[in-house]
Amino acid sequence: NKVKGYDNEPGVILASLLLRDKLNKMGIDAIVEERSVSNYLKKHNLSYEYSYRATREFLQDKLKNNSFDLIIDLHRDAVAESVTKYTKDDVSYARVMFVMNKDYENIKYAEKLSDIMEKKYKGISRGMYTKHSGSFNQDLDPKAMLIELGGNYNTMEEVVNTIDVLSLSIKELLEWKKKNKL
């Protein structure tokens, strides 16, 4: 289930690299954090539940010298395939869900991105999973969002198909932000 041109095993890292490359080909500068959360946790003798401590530190480092139009914390969800699989015109996709803290303004960008995707592929977005607790690092920048891209049971082909839709939708979102001077 390898993707041609990539050495990574199917998973969130490969999905991140594929999304980055797709956006770069569309003329959108995109980067992927390459430091390992697992290595950070091991180094600091922390359990998995402290993963956001690592990603928070990574993002704070990036924000010191960079400004971003959009920050995506990409995940794969651990739910049943029936929840994350979507088919349109005999093509299968991995459904997307946005995990947002509704106390931050970031939610407006996630809602807009979800709406853009839904206009093209009704049902591809699982919508917003909103909480009042947990910042998901969204407190660090008003353009940060957490996206669950499919789940553990989706194939890489389904993920790649969704990345095609997601990248075009991100381009449209960035154009909307620019047009509205946001």
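This passage walks through a hairpin, a helix and a pocket in a predicted model.

Strands β2 (residues 85-88) and β3 (residues 91-94) make a good starting point. The two strands run antiparallel and are joined by four bridges. One of the pairings links K88 to V91 of β3. Just two residues sit between the strands of this hairpin, and D89 takes a positive phi there, near 50°.

Y93 belongs to strand β3. Its relative accessibility comes out at 8%, and since anything under 20% counts as buried, Y93 is buried. Leaving aside residues up to four places away in sequence, the contacts of Y93 include T84, K85, Y86 and K88, along with Y121, I124 and N154. Y93 also touches E158, N161, T162 and V165. Take N161: 68 residues separate it from Y93 in sequence, yet the two C-alpha atoms lie 5.6 Å apart in space.

Next comes helix α6, which covers residues 156-179. At 1.5 Å a residue, its 24 residues should span 34 Å, and the end C-alpha atoms are indeed 34 Å apart, so the expected and computed lengths agree. After α6 comes K181, with a positive phi near 50°.

Then there is the largest pocket, with a volume of about 1600 Å³. Of its 48 lining residues, S16, E33, I72, D73 and L74 are the closest to the centre. Helix α6 is among the elements that give two or more residues to this lining, as are α1 (12-25), α2 (37-43), α3 (51-65), β1 (71-77) and β6 (144-151). The largest share, seven residues, comes from α1. By type, the lining splits into 26 nonpolar, twelve polar and ten charged residues.

Conventions: Residues are numbered from 1 along each chain as its sequence is written. This is a predicted model: local features need pLDDT of at least 70, side-chain atom pairs count only at pLDDT 80 or more; totals for chains, interfaces and linings use all residues. Side-chain values use heavy atoms; hydrogens and water are left out. The expected span of a helix is 1.5 Å times one less than its number of residues. Buried means under 20% relative accessible area, exposed over 50%, partly exposed in between (1.4 Å probe, protein chains only). Contact means heavy atoms within 4.5 Å. Two strands pair if DSSP finds at least two bridges between them. On a 1 Å grid over the protein atoms alone, a cavity is a set of points where a 1.4 Å probe fits but cannot get out, and a pocket is an open set with protein on both sides within 12 Å along at least five of seven lines; lining residues have an atom within 4 Å of a point. Grid points are joined across faces, edges and corners, and a volume is the space filled by probe spheres set on the points. Ala, Val, Leu, Ile, Met, Phe, Trp, Tyr, Cys and Pro count as nonpolar, Asp, Glu, Lys and Arg as charged, and the others, Gly among them, as polar.
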